[in-house]
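Got the model open in your viewer? Here's a short tour of what to select next and what you'll find at each stop.

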Amino acid sequence: MTSPNLTDIGFIGLGGMGRGLVKNLLLKGADVTVFDLDPARMEVAREQGAKLADSAVEVARSARILAVCITTAEAVQALALGENGLLAALPANAVFLDHTTVSVEHVDKMREACATAGIRYAEAPMTRTPAHADRGEVNVLYGGDTELLEVLRPVFDTYAENIFHVGPAGHAIRLKLIHNYISFANVASFCEGFALAAREGLDMEKVIGIISAAGGKSGMMDLYGQATLERDFAPHMSLANAQKDVGYYSDWLQSAGLPGFMAASVHQTYALASIMGHADEGCTAVIKAYESLTGVEARLPTNKR
């Protein structure tokens with residue numbers, strides 16, 4: 001029998017992270033109704049036990065908790081706001097659970113809109129990768145009051161290894177943007193270094209081996225350094241998302257009155273790689289922007305053509 005804490009859950013967005021969250025909700029016996037623009041993703045969720053809706057608004061109409069995990073703040077607002085949006089369709093006192101990595105301004109706007117509509121807003125961005133989501137091992141960063149966190153904890157427990165109560169409303173997205181900026185700046189820096197090393201004819205096995213054994217070692221290097229030099233650009237964390245998240249961070253930094261020279265440079269680096277056609281590849285495809293200038297690919301000797 002399904003726990004009352006896991007009934008009437010709606011989920012919108014079955015992409016890299018969302019599909020794993022839904023899979024684990026269903027494995028733990030949750031009652032989940034889903035919607036995604038991709039029929040193939042919907043079919044996978046149906047086979048796992050989810051109920052399918054014909055639209056995002058249909059999901060919202062009967063949801064006690066509506067989770068949204070899509071691409072951008074702008075996309076969330078387009079779905080949620082307005083007389084025909086999700087907030088208008090949700091039952092009174094339902095929870096709008098925002099798993100999307102969004103902007104600081106978005107969280108404030110959505111919290112106010114939800115309060116006006118008699119809906120409870122929960123910001124809960126995540127860290128880690130789609131592989132962690134598939135295994136039920138994401139980190140959930142929650143910002144808000146403890147009472148609402150306890151309402152959501154049974155849901156989070158189905159797919160999170162760690163649940164961090166970051167602080168009051170607005171703090172979770174702020175910490176997530178700082179985290180992502182540092183992570184993606186790290187990727188841009190080691191990709192630049194790899195491209196220069198390849199251009200100068202350095203032994204790439206020694207490059208990654210020595211950097212990984214010293215101060216240049218990092219979580220992102222551990223995740224993606226070797227794969228980058230093996231020319232694996234699968235979009236576990238897409239370049240488009242890196243550009244988006246660093247852009248939100250850069251805007252926030254400016255509005256906070258702090259200089260953002262590094263953030264602007266990192267954002268423009270990802271923007272250039274995106275313009276060059278690499279937006280749908282993994283974030284480390286940013287190296288291709290540097291390689292276009294050097295004329296040399298950074299790859300391990302064993303992967304030479």
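## Stop one: salt bridges

Start by selecting Glu 161, which is partly exposed with a relative accessible area of 48%. Keep in mind that you're looking at a predicted model.

Now add Arg 128 to the selection. The two residues form a salt bridge, and their closest N and O atoms are 2.4 Å apart. Glu 161 sits in strand 9 (residues 160-167), while Arg 128 is in the loop between strand 7 (126-127) and helix 7 (130-135), so this pair ties together parts that are 33 residues apart in sequence. Arg 128 is also partly exposed, at a relative accessible area of 29%.

How many salt bridges are there under the cut-off of 4 Å between a side-chain nitrogen of Lys or Arg and a carboxyl oxygen of Asp or Glu? The count comes to 15.

For another one, select Glu 150 and Arg 153. Here the closest N and O atoms are 3.0 Å apart. Both residues belong to helix 8 (residues 146-156), and being 3 residues apart puts about one helical turn between them. Glu 150 is partly exposed at 40% relative accessibility, and Arg 153 is partly exposed too, with a relative accessible area of 28%.

Next, jump along the chain to Arg 299 and Glu 297. This salt bridge has its closest N and O atoms 2.6 Å apart. Is each partner buried or partly exposed? Arg 299 is buried, with a relative accessible area of 14%, whereas Glu 297 is partly exposed at 34%. Now widen the selection to Arg 231, Glu 291, Glu 297 and Arg 299: these four are linked in a network of salt bridges.

## Stop two: helix 14

You've just picked up Glu 291, so stay with that residue for a moment. Glu 291 is one of the buried residues of helix 14 (residues 287-294), along with Ile 287, Lys 288, Ala 289 and Tyr 290. What do the buried residues of helix 14 pack against? Show helix 9, helix 11 and helix 13 (261-278), and you have the partners.

Then step off the end of the helix. Gly 295 follows helix 14, and its phi is positive, near 75 degrees.

## Stop three: helix 6 against helix 9

Helix 9 came up a moment ago, so show it again, this time together with helix 6. Helix 6 covers residues 104-117 and helix 9 covers residues 171-199; they pack at an angle of about 160 degrees, with their axes 9 Å apart. That angle is over 145 degrees, so helix 6 counts as roughly antiparallel to helix 9. The crossing of the two is right-handed.

To see the contact itself, select Val 104, Val 107 and Asp 108 on helix 6, then Ile 173, Arg 174 and Leu 177 on helix 9. Color the contact by residue type and you get 4 nonpolar, no polar and 2 charged residues.

While you're on helix 6, pick His 106, which lies in that helix. Is His 106 buried or exposed? At 0% relative accessibility, His 106 counts as buried. Leaving out residues up to four places away in sequence, His 106 touches Ala 73, Val 76, Gln 77, Asp 98 and Tyr 121.

## Stop four: helix 10 against helix 11

Now show helix 10 (residues 204-212) and helix 11 (residues 219-229). They pack at an angle of about 175 degrees, and their axes are 11 Å apart. Helix 10 and helix 11 are therefore roughly antiparallel to each other.

The contact is made by Met 204, Ile 208, Ile 211 and Ser 212 from helix 10, and by Met 221, Gly 225, Gln 226 and Leu 229 from helix 11. By type, the residues of this contact divide into 5 nonpolar, 3 polar and no charged.

Before leaving helix 10, click on Lys 206, which is located there. Lys 206 is exposed, with a relative accessible area of 55%. Try a distance label from its C-alpha to that of Ala 273: the two residues are 67 apart along the chain, and those atoms are separated by 26 Å.

## Last stop: Arg 135

Finish on helix 7, where you'll find Arg 135. Arg 135 counts as partly exposed, at 48% relative accessibility. Add Gly 15 and draw one more C-alpha to C-alpha label: the pair is 120 residues apart in sequence and 15 Å apart in space.

Note on methods:
Residues are numbered from 1 along each chain as its sequence is written. This is a predicted model: local features need pLDDT of at least 70, side-chain atom pairs count only at pLDDT 80 or more; totals for chains, interfaces and linings use all residues. Side-chain values use heavy atoms; hydrogens and water are left out. Helices (H or I, at least four residues) and strands (E, at least two) are DSSP runs, numbered from the N terminus. Buried means under 20% relative accessible area, exposed over 50%, partly exposed in between (1.4 Å probe, protein chains only). Axes are lines fitted to C-alpha atoms, for helices over the stretch in contact, and angles run from 0 to 180 degrees between N-to-C directions. Angles under 35 degrees count as roughly parallel, over 145 as roughly antiparallel, 65 to 115 as roughly perpendicular and the rest as oblique. A crossing is left-handed if the near helix is turned anticlockwise from the far one by less than a right angle, and right-handed if clockwise. Contact means heavy atoms within 4.5 Å. Ala, Val, Leu, Ile, Met, Phe, Trp, Tyr, Cys and Pro count as nonpolar, Asp, Glu, Lys and Arg as charged, and the others, Gly among them, as polar.
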